[in-house]
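Hello,

Here is the structure I promised to pass on to you. Have a look at it first, and then read on for what turned up.

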Amino acid sequence: MFYRETGQFKQSYAADSAVFPILQDRYGLAIILAIAFVAIPMFGSEFLLASVMIPFLILSLGAIGLNVLVGYTGLLSLGTAGFMGVGAYATYKLSTTFPQVNILVWILCSGFFSAGIGVLFGLPSLRIKGFYLAVATLAAQFFLQWCFVRVAWLYNYNPSGAIEVAGRTLFGIPITGPLATPVNRYYVVLGVVVVMTLIASNIVHGRIGRTWMAVRDMDIAAQLMGIRLLPAKLLAFAVSSFYCGVAGALMVFLWLSAAEPSAFDIKLSFLLLFMVIIGGLGSLIGSFMGAALIHILPIVIRALPESLGLPVAAATVEHLTYLIVGGLIIFFLIVEPHGLARLWQITKQKLRVWPFPY
Amino acid sequence: MLYNIFIDPFVQMVQMPDLLVQTLWEGLVSGVLYALIALGFVLIFKASGVFNFAQGIMVVFSALTLVGFYAKFSSWGFSGHAAAFLALLLAAGVMLVLAMLVERVVLRPLVNQPDIILFMATFGITYVLIGFGEIVFGGDPKQMIASELFLPGGSVDIEMLGGLVSLQKIDIAAAVIASLMIVGLALFFQKTRIGRALRAVADSHKAALSVGISLNQIWVIVWFAAGLVALVTGIMWGARSDVSFALEIVALKALPVLVLGGFTSVPGAIVGGLIIGVGEKLGEFYWGPLLGGGIESWLAYAIALVFLLYRPQGLFGDKIIERI
C-alpha cells in the first residue's frame with residue numbers, strides 16, 4: 001500500500017530503464033539527500049559530524065569499492081586497506097609536489113594510482129580462486145604496508161614517518177588541515193560520496209555490472225558466453241581499487257588529518273569486509289548499512305555505560321565492545337546471511353502488500 | 001646491484017656455513033610452529049569446509065587458559081608438576097567446551113551457507129574470544145609454565161663447520177613434539193573408527209550423512225582436535241616468547257603456509273610450513289638488508305603467490321575440477 005508501483009506507467013524506454021523507476025524510491029532518495037545535505041549540518045553537533053558522519057561516509061565509499069570486487073565479481077580480497085593507503089599516499093605526494101593544484105583534484109586523481117596498483121595485484125586472479133585469492137591479496141596488503149613504512153620517499157623523508165595534511169582550500173573555504181570546520185569537511189565528503197555512489201550505481205546496473213555478475217556466478221560459464229575473463233576481472237580490480245583509493249585519500253585528508261602506516265593495517269581490511277558482508281554482498285545500499293552498523297555500533301556501546309551511569313573502566317568497555325561486536329556478527333549472519341540489504345528488500349515487499357500478508 | 005642480488009648472498013653462504021646452518025635451523029623451527037597452526041586450519045577445513053580464521057586466537061586463548069589455571073592453583077598453594085598437568089587437562093576441557101559451543105551456536109545454524117559466510121562467522125568467534133579472553137585474563141603478557149611441564153630450557157652449542165651453532169632446547173622439543181603429534185594425527189585418521197568417519201565427512205558431507213555419520217558429532221571432534229593442536233602450539237610458542245594477544249598475528253603467517261600446502265592436506269601443511277619458515281629466514285637474512293629490512297612481513301606471501309601461480313590448488317591440495 002505504501003510502496004506500490006501500480007499506476008506508474010512508463011512511456012519511453014529511457015523511463016523504463018531508469019535507475020529509480022518507482023516514484024516512492026525517488027521521494028525516499030530526495031528525503032535522504034535533504035537530510036544529509038541540510039538537516040544534519042544544521043542540527044548535528046560537531047561530534048556527530050566529525051566522529052560519526054564523516055567516517056561513516058568514507059567507510060561506506062570503501063565498502064562500495066570492496067563490494068564491487070567481492071559482492072559483484074566474486075573475488076575475495078583482503079588487501080583493501082593497502083589500496084586505500086595507496087590513494088592516501090598518492091594524494092600526499094601529489095599535493096606536496098604540486099601544491100597549487102586543488103586538493104580535491106588530487107584526491108580524485110589518486111584513485112587512478114590505486115587502480116593501477118590494484119590491477120597489478122589483480123593479475124593472479126585469473127588463475128587463483130576463492131580463499132586462495134584472498135591469501136594472495138594479503139600479499140598486497142602486507143607489501144604495500146611495508147612500503148609505507150620503509151620507502152621514505154613516500155612520506156617526503158619526514159622524520160616522524162607519518163603523513164601530515166596541510167591546510168588547503170576549495171573556493172577560498174578551508175577544507176583540509178586544522179582550519180577546516182567539520183561542516184566544511186562533511187560537505188566535501190558527502191559530495192564526493194554521493195557522486196561516486198551514483199557512478200557506481202550506473203556501472204553495476206549496466207553492461208559492465210552484468211559482466212561482473214556473470215563472472216561471479218560462474219566464471220567458466222561466463223567465458224563460454226563470450227565474456228573475456230581477464231579484462232572483466234581486472235576492470236573489477238581497477239574500479240574497486242579506485243573507490244578504495246579515493247576513500248583512503250578522504251580518510252587521511254578529511255577525517256584523520258594525519259596518518260601513520262598503521263592506519264592502513266590489516267584490521268581496516270577486515271573491518272571493510274565485515275561491512276560488505278553484514279550489509280549485503282552485491283548491494284550498494286547494503287554497503288552504507290553495513291558501514292553504519294559496524295562503525296556506529298562500537299561508538300554506541302562505548303557511550304552506553306557512561307550514559308547509564310555505570311562505573312566501568314575504559315579498558316573493560318573496549319573488551320566488552322569486542323565481545324558484543326563479535327556476538328552480533330555471528331547473530332546477524334545466522335539471522336540473515338544475505339545481509340541487511342536483504343532485510344530492506346523484505347521490508348519493501350511487506351510495505352507493498354500491506355495490510356495483506358501476501 | 002645484480003651482483004648483490006644474485007651472487008653476494010651465495011658467496012656469504014659458502015664463506016660462513018655455520019651462519020647458514022643457524023639460519024636454516026631457525027627457519028625450520030619457526031616453520032614447525034607455522035605448520036602447527038596450519039594443521040589446525042587444515043583439520044577444520046577438511047571436515048567442515050570452514051576456513052577457520054579463529055585458529056590463531058584459539059592458540060592464544062588455550063595458552064592463556066592453561067597459564068590462568070596454573071596461576072589460580074599456585075595462588076591456592078598448589079604448584080609444581082602435578083598442578084601444571086592438571087591445568088593442562090582443564091585447558092583441554094575448556095577447548096572441548098569451546099568446540100561444543102562453536103558447533104551448537106555457530107556451525108549448526110549456518111549449515112549450507114556459502115563458505116564466505118562461515119568464514120565471517122569465524123571472525124565473529126575471533127572477536128568474541130579476544131573480548132572474553134581480555135576480560136578474564138587481562139591483556140598483559142604472561143610467562144608460559146614451561147619448566148613445570150617438563151619442557152627443557154637453555155641451549156646446546158654444537159661445534160660444526162668452523163663455527164658454533166646454537167640450538168635452543170625448547171626448539172628441539174617443539175620439533176619432536178610436533179612430529180609426534182603429526183604421527184599421532186595420521187594414525188588417528190587412518191586407523192580409528194572416528195578417523196574413518198572424519199575422512200568420510202571430508203570427502204562428502206551428504207554421502208557421510210547417508211551412511212549414518214553424525215555431522216554434528218564429527219564437527220565437535222574436529223574442532224576439539226584443532227583446539228588441542230592450538231593448545232600444543234600455544235605452549236610451544238609461549239615457551240619461546242611470552243603468552244599475549246600479539247600471538248594472534250602469527251595466525252596470519254599460517255595463511256601462506258596453507259595456500260602453499262593446499263587447504264586439505266596435512267602433509268602439505270607440514271611441508272608448506274617448513275618451506276615458508278626457511279624461505280622467510282633466508283630471505284630476511286641474506287636479501288633483507290638490500291631492501292631495507294623487515295621484509296619478513298610479506299616475503300612469506302610473495303613465496304606463496306609464486307607457488308600458487310604454478311599450482312593454483314597448492315602443492316598437495318586436491319585438484320580443482322570445474323564443471324558447468
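Before we start, one term: two residues are in contact if their C-beta atoms, placed from the backbone, lie within 7 Å. Please also keep in mind that this is a predicted model.

**Two buried residues in chain A**

With that meaning of contact, Trp255(A) touches Ile54(A), Pro55(A), Ile58(A) and Leu250(A), once residues up to four places away in sequence are left out. You will find Trp255(A) in helix α10 of chain A, which covers residues 229–256. Is Trp255(A) buried or exposed? Trp255(A) counts as buried because 20 C-beta neighbours lie inside 10 Å, and the cut-off for buried is 20 or more. There is also a link across the sequence: Arg185(A) is 70 residues away from Trp255(A) along the chain, yet their C-alpha atoms are separated by 7.9 Å.

Met275(A), in helix α11 of chain A, is another one to click on. It has 29 other C-beta atoms within 10 Å, so Met275(A) is buried. Setting aside neighbours within four places in sequence, Met275(A) is in contact with Leu59(A), Ala63(A), Ser287(A), Gly290(A), Ala291(A) and Ile294(A). Of these partners, Leu59(A) is 216 residues from Met275(A) in sequence, while the C-alpha atoms of the two are 8.6 Å apart in space.

**Helices inside chain A**

Helix α5 of chain A runs over residues 103–122 and has 20 residues. From its first C-alpha to its last it reaches 28 Å, close to the 28 Å expected at 1.5 Å a residue. As for its surroundings, α5(A) is mostly covered, with 14 of its 20 residues buried.

Next come the helix pairs. Two packed helices are described by the angle between their axes and the distance between the axes.

The first pair I looked at is helix α2 (residues 23–43) and helix α7 (residues 182–205) of chain A, which pack at an angle of about 165° with their axes 11 Å apart. That angle is why α2(A) is roughly antiparallel to α7(A), since the label applies to angles over 145 degrees. The crossing of these two helices is right-handed. On the α2(A) side, Ala36(A), Phe37(A) and Pro41(A) make the contact, and on the α7(A) side Val183(A), Tyr186(A), Tyr187(A) and Leu190(A) do. By class, the residues of this contact are seven nonpolar, no polar and no charged.

Helix α4 (residues 80–97) of chain A pairs with α6(A), and their axes come within 8 Å and cross at roughly 30°. That makes α4(A) roughly parallel to α6(A), and α4(A) passes α6(A) in a left-handed crossing. The contact is formed by Ala81(A), Gly82(A), Gly85(A), Val86(A) and Tyr89(A) of α4(A), together with Ala140(A), Gln141(A), Leu144(A), Gln145(A) and Phe148(A) of α6(A). Here the residues divide into six nonpolar, four polar and no charged.

One more detail in chain A is a cis peptide bond between Trp354(A) and Pro355(A), with omega at about 10°. Pro355(A) sits in the segment after α14 (340–353) of chain A.

**Chain B, and where the chains meet**

Chain B has 12 helices and two strands. Along the sequence they follow the pattern α-α-α-α-α-β-β-α-α-α-α-α-α-α. Of the 324 residues of chain B, 45% count as buried.

How many residues of each chain are in contact with the other? The count is 34 residues of chain A and 39 residues of chain B. On the chain A side, α6, α9 (219–224), α11 (266–279) and α13 (314–335) each supply at least two residues, and α13(A) gives the most, with 12 residues. The chain A side divides into 28 nonpolar, four polar and two charged residues.

Within this meeting of chains, helix α6 (residues 130–150) of chain A and helix α10 (residues 250–261) of chain B have axes that come within 10 Å and cross at roughly 130°. That makes α6(A) oblique to α10(B), and the crossing is left-handed. Tyr132(A), Val135(A) and Leu138(A) of α6(A) make this contact with Leu255(B), Pro256(B) and Val259(B) of α10(B). By class, the contact has six nonpolar, no polar and no charged residues.

Enjoy exploring it!

Best wishes

Conventions: Residues are numbered from 1 along each chain as its sequence is written. Chains are lettered from A and ligands numbered from 1 in the order in which they are written. This is a predicted model: local features need pLDDT of at least 70, side-chain atom pairs count only at pLDDT 80 or more; totals for chains, interfaces and linings use all residues. Helices (H or I, at least four residues) and strands (E, at least two) are DSSP runs, numbered from the N terminus. The expected span of a helix is 1.5 Å times one less than its number of residues. A residue is buried if 20 or more other C-beta atoms lie within 10 Å of its own, exposed if 12 or fewer, and partly exposed in between; C-beta atoms are placed from the backbone. Axes are lines fitted to C-alpha atoms, for helices over the stretch in contact, and angles run from 0 to 180 degrees between N-to-C directions. Angles under 35 degrees count as roughly parallel, over 145 as roughly antiparallel, 65 to 115 as roughly perpendicular and the rest as oblique. A crossing is left-handed if the near helix is turned anticlockwise from the far one by less than a right angle, and right-handed if clockwise. Ala, Val, Leu, Ile, Met, Phe, Trp, Tyr, Cys and Pro count as nonpolar, Asp, Glu, Lys and Arg as charged, and the others, Gly among them, as polar.
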